[in-house]
Number of protein chains: 4
Amino acid sequence: MQLGMIGLGRMGANMVRRLLQAGHDAVVFDMSPSAVEALVKEKAIGAKSLADFVQKLPTPRAIWLMVPAAVVDRSLADLLPLLDAGDIVIDGGNSYYVDDIRRANELAVKKLHYVDVGTSGGVWGLERGYCMMIGGEPEIVRRLDPIFAALAPGSGAIDRTPGRSAARSTAEQGYLHCGPNGAGHFVKMVHNGIEYGIMAAYAEGLNILKNADIGKRTHAVDAETTPLRDPEHYQYDLNLADVTEVWRRGSVISSWLLDLTAAALAKDPQLAEFAGRVSDSGEGRWTIKAAIDEAVPAPVLTTALYERFSSRGEAEFQDKLLSAMRYQFGGHLEKAPGA
Amino acid sequence: MQLGMIGLGRMGANMVRRLLQAGHDAVVFDMSPSAVEALVKEKAIGAKSLADFVQKLPTPRAIWLMVPAAVVDRSLADLLPLLDAGDIVIDGGNSYYVDDIRRANELAVKKLHYVDVGTSGGVWGLERGYCMMIGGEPEIVRRLDPIFAALAPGSGAIDRTPGRSAARSTAEQGYLHCGPNGAGHFVKMVHNGIEYGIMAAYAEGLNILKNADIGKRTHAVDAETTPLRDPEHYQYDLNLADVTEVWRRGSVISSWLLDLTAAALAKDPQLAEFAGRVSDSGEGRWTIKAAIDEAVPAPVLTTALYERFSSRGEAEFQDKLLSAMRYQFGGHLEKAPGA
Amino acid sequence: MQLGMIGLGRMGANMVRRLLQAGHDAVVFDMSPSAVEALVKEKAIGAKSLADFVQKLPTPRAIWLMVPAAVVDRSLADLLPLLDAGDIVIDGGNSYYVDDIRRANELAVKKLHYVDVGTSGGVWGLERGYCMMIGGEPEIVRRLDPIFAALAPGSGAIDRTPGRSAARSTAEQGYLHCGPNGAGHFVKMVHNGIEYGIMAAYAEGLNILKNADIGKRTHAVDAETTPLRDPEHYQYDLNLADVTEVWRRGSVISSWLLDLTAAALAKDPQLAEFAGRVSDSGEGRWTIKAAIDEAVPAPVLTTALYERFSSRGEAEFQDKLLSAMRYQFGGHLEKAPGA
Amino acid sequence: MQLGMIGLGRMGANMVRRLLQAGHDAVVFDMSPSAVEALVKEKAIGAKSLADFVQKLPTPRAIWLMVPAAVVDRSLADLLPLLDAGDIVIDGGNSYYVDDIRRANELAVKKLHYVDVGTSGGVWGLERGYCMMIGGEPEIVRRLDPIFAALAPGSGAIDRTPGRSAARSTAEQGYLHCGPNGAGHFVKMVHNGIEYGIMAAYAEGLNILKNADIGKRTHAVDAETTPLRDPEHYQYDLNLADVTEVWRRGSVISSWLLDLTAAALAKDPQLAEFAGRVSDSGEGRWTIKAAIDEAVPAPVLTTALYERFSSRGEAEFQDKLLSAMRYQFGGHLEKAPGA
């Protein structure tokens, strides 16, 4: 099958590679000619312009956008005038599902089809395959099945889930038609929300382990410092690289994120190259907004998001307010760092 | 009535003053002779040593300790050999109630009485009176009633709570015998836990108000920054000093902590003299431990405590871990501050 | 000054009463004729229809809407065709500030003015006065000053905040022009978000106090129940009505919400008439959405909101998931209630 | 090597089986003779009494206790008088590490050695192997290496972590000497704390997915119910069994807990056999106490613990307090369930 790919960043380029390896054809376009050239060397069909790109694709066309969420609408505006009724546009990036619903409606007016695909797998997808969550019209999604099957990991070495009935869904191959437009990015959004929560759980736990030696350190003795009652309970120097390694093997909390954490700690247990300013892309925020609209309590996911905000200094003013109140009612002065 | 006071810091000295103003006698002692002298000028009876102090008090003695929680046991060790059966020792500081239970048992062996008093009121207590939560034997607490009545605010200008029965308790005067030993500090401990939660509620809300102008600011456009979808909804420059002032008057969230917040913001809306490193004394921590022992969910109080830990940089390693994981799975690089 | 009031529920009717008491005139309308009649007996001018209502007001008119947030747009649709350029419409209910921005723009096209007023004070406002947070054009808000001054509490018995400069704002009278349209409801929204947090802080703390007797109770001894290590530390039967009463008097956490809590506990310490299903109106949710848009961490306010969701059973499915996972990895069976 | 095993419940019996399969000898004892008999049929050496058990083991003995945490001290009291200097006692259950420190000191006085082993793997350990976190004297732990090697999963099919140096630790075999006594259970404690957090992250996220159809449902229209602004954004009927299945394959959040969740949902997407009352054993609580002692913020782990408390109805009184306050200030009445 032939797919057009717009956006040849890390994700887009690797997806093209995986499709080519599976025997599909790909027409590729990017603002950067060198990105196009690189893939042409790997047997992709390069396009010099958007018009050239569209022309090189057989109708009805299947065009995959792999661009930052913030430029999807601009890309669509450029692309739509060049398309014909029946063509399919796939947004494989990290769009807000609310935008998918709007865009699908806009495209439907022009008899174009829209498919939203949430894609997980990161820089490892070329090798491991991409996990895809798909929203769109059933017939259209079915038509793209060869593409999804090639990009997905397939059942591979992962055991079948006990109790799943014989009538398998493509979920076992690593891709799933979740529902109508927006459903793909909705499921991906919550996926990322969960990701934040899991990451925070490991991070908090490992910090508790790291500080298990606190009883060995000296502490200020003053009214502003809570004394440690039982220093003899905190005398451990734990090797976090080894601890995360052992958890990978047979423990209840083994996971791919743990594998990555173990790799990071094996490289440098102090993580000295990081400052601890943690970015968040939109999915975590949108997940919380969905939870609130649905009146579903999501304190763990929300707290994980807020820890990222705080890591970037966003709590500074509220912290100052707390110090100011303490000064007002008790005359408490702030302690200097390290004091 | 005659009371002995050991510890003439801000709290202890002002309590002596309030007792003297009410016509009581006070024998006072402190490691610092100048602290003793200052109160002698205000008609207190000064003591030169602990032995002198004990001797100057009529038996059965009533001795109030107003020293840091960390030195109570040491003070008791010095004091106990000098006392006689029937004497009363009052710990008016911020002791952990678990220590009260132990100490009361130790004193009982020597036929001494122990009373634990949680005291709220901070630097304002001299003027407003001290709110006291008391634990100890009923007969002993009753004997000290004149002292508590003098230190407490009294009913003053505060309206009677509708629905309270005619048989009043001393609660309406601002002091309360809560239960056996430890009960006073237990109630004070939870009082402070609540205090943390209320402070955090104001601080978080005010930070949301402060950032209501975020739509006016320019933002980085990159994959690591979530774009603000509706900048036109965040165009407000709010005057926080005025906002907190207006809330003092008729709103549902008026409180004494709000009064103090309004005063701090009136002085400097930027709170520039504070760095935002918020100390915590033990009560907030002990409150959470009690909640956990009781299996009572206390997420607001706990979160408020953790915000203080984070304000002091204690989350740094877990934040680094999050960045390290993001780098591992997605090749995400951290953004520099302000970038 | 003459004000038209649409919506004579508890809030609207009492606001009319307060205006009449201050010597203002009020034209009143409500879907329920009896609500109109009741106020006519108290010297308000009644209207039989919206047309009648509009006609009875001198131009430029000042019309206050005090209707549920969900019907404001419908009320405006009925009202607008009857108005003349220069008229002012005030929304005093609990609208989402985003709707204010939209409405103000819509009205501006017709040369009408829109003012959004967040009003706090609840059922006590008639007696205590209403705390008002106001958004709109400066000149228009100034024109309504006599109305706001009459509805507000005034400076009353509340002390002046130390440090406030001589150039007073109306904040000290209990009303404040916060900024352009939406600013009033924005500030009120965050006010309510804070309110949720403060309420939760008291509620959690009091539940910890209530369970201070847990060491007296018998506990199941099985692998599914964490044993209480130190039952002797939890032997207190605390009188919550008295505890909340004593905190009203001189403690750091005294507040109006505490006054109300003390009143509720004085009436019935078991609160038997309540089931514990806590509603939330929109402001708490919108506050969190604003925090997320601003990237401001608000874990205490969010957690307080989620506790309300959970109180209504909204966590049931996620709890089932936890039990299902525990069964899967450890064969753990759920315990029956009370077991 | 020969090991003595006391406690032949699910965990203990399966560990004996795994040791026998690896060619080790095991002397076994349990209060239940039938549990002993069952293992004797599988070639274990049965003991009729504790004395018999001790006598059948060659000195220096290695004795593994696999009994509920609450009975470890009682078992030790029975066992110690029968032992000889140089014997080793291993606690493989879920003890609080603080008890390990105390017990190790007590045993050292009698020249006995104590080893604490946190064991993860649940009912799957016989097949997958047990992940073990070990605390104790280095020489003693080294002596037990053959036992740990047999119980652990070994490196198996799990990839080596990139970046780990050539000098391998046993962590890659699934067991780790973490440090002195208590270190094993300390690491296991935090492991379980993390487990709670990860479980909660999945559970919250899946509940958000389950309620993605909320826009299809009818809602009460009243002042106590926040209206859903955009019902068209919540029209999805998501198949959670398929969603969790697809996430197992190539997504960032794949994990063993996700495998188990997928299995539970494959069996019954409604999880009807569960009531949602989630137990917690001690480790989650102790993790939070350690975080608080160390002043490390752990809001995600703590919140996950509190969700379990709430699932068992422990928030009821605080919820009633919130309703009571709302009634006091606003006259709000609670809504009936489903209303």
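Start with chain A: of its 339 residues, 65% count as buried (under 20% relative accessible area, with exposed meaning over 50% and partly exposed in between, using a 1.4 Å probe on protein chains only). You're looking at a predicted model, where local features need pLDDT of at least 70, side-chain atom pairs count only at pLDDT 80 or more, and totals for chains, interfaces and linings use all residues. Residues are numbered from 1 along each chain as its sequence is written, chains are lettered from A and ligands numbered from 1 in the order in which they are written, and side-chain values use heavy atoms, with hydrogens and water left out.

**Stop 1: chain A as a whole**

Switch to cartoon and show chain A alone. Its C-alpha atoms fill a box of roughly 75 × 45 × 45 Å along the principal axes. The cartoon should give you 14 helices and eight strands; these are DSSP runs numbered from the N terminus, H or I of at least four residues for helices and E of at least two for strands. If you like contact maps, try one here, with contact meaning heavy atoms within 4.5 Å. Among contacts in chain A with a separation of 6 or more, 64% come from residues 24 or more positions apart.

**Stop 2: the two domains of chain A**

Colour residues 2-157 plus 169-180 as domain 1 and 188-314 as domain 2; these bounds come from an automatic or database domain assignment. The C-alpha centres of the two domains of chain A are 35 Å apart. Where they touch, 11 residues of domain 1 of chain A contact seven residues of domain 2 of chain A. Together these domains bury about 850 Å², with 68% of it on carbon and sulfur atoms. Buried area here is the accessible area (1.4 Å probe) that two parts lose on being put together, summed over both. How many salt bridges does the rule find across the interface of these two domains of chain A? Zero, where a salt bridge needs a side-chain nitrogen of Lys or Arg within 4 Å of a carboxyl oxygen of Asp or Glu.

**Stop 3: A:Lys43**

Next, select A:Lys43, in the loop between helix 2 (33-40) and strand 3 (45-46) of chain A. Buried or exposed? A:Lys43 is exposed, with a relative accessible area of 71%. Add A:Leu20 to the selection: the two are 23 residues apart in sequence, and 7.5 Å apart in space from C-alpha to C-alpha.

**Stop 4: chain D against chain A**

Bring in chain D. A turn of 180 degrees and a shift of 0.0 Å along the axis lays chain D on chain A with an RMSD of 0.1 Å; copies are superposed by least squares on the C-alpha atoms of residues with pLDDT of at least 70 in both. To find the axis from chain D, pick D:Ser255, whose C-alpha is the nearest to it in that chain at 1.9 Å. The contact takes 93 residues from chain D and 93 from chain A. Since 100% of the interface residues of chain D are also interface residues in chain A, the copies meet through the same surface. About 7600 Å² is buried between chain D and chain A, with carbon and sulfur atoms giving 68%. The rule finds four salt bridges across this interface of chain D and chain A. Zoom in on D:Arg164 and A:Glu245, whose side chains meet in a salt bridge at 3.9 Å, N to O.

**Stop 5: chain B against chain A**

Hide chain D and show chain B. Chain B can be laid on chain A with an RMSD of 0.0 Å, by a turn of 180 degrees and a shift of 0.0 Å along the axis. That's the relation of a two-fold axis. Select B:Ser310 for the C-alpha of chain B nearest the axis, 4.0 Å from it. Here the contact takes 66 residues from chain B and 65 from chain A, and the area buried between them is about 6100 Å², 61% of it from carbon and sulfur atoms. Show B:Phe317, B:Gln328 and B:Phe329 as sticks: they supply 12% of the area that chain B buries against chain A, more than any other three residues. Across the interface of chain B and chain A the rule finds two salt bridges. For a close-up, take A:Arg229 and B:Asp99, whose side chains meet in a salt bridge at 2.8 Å, N to O.
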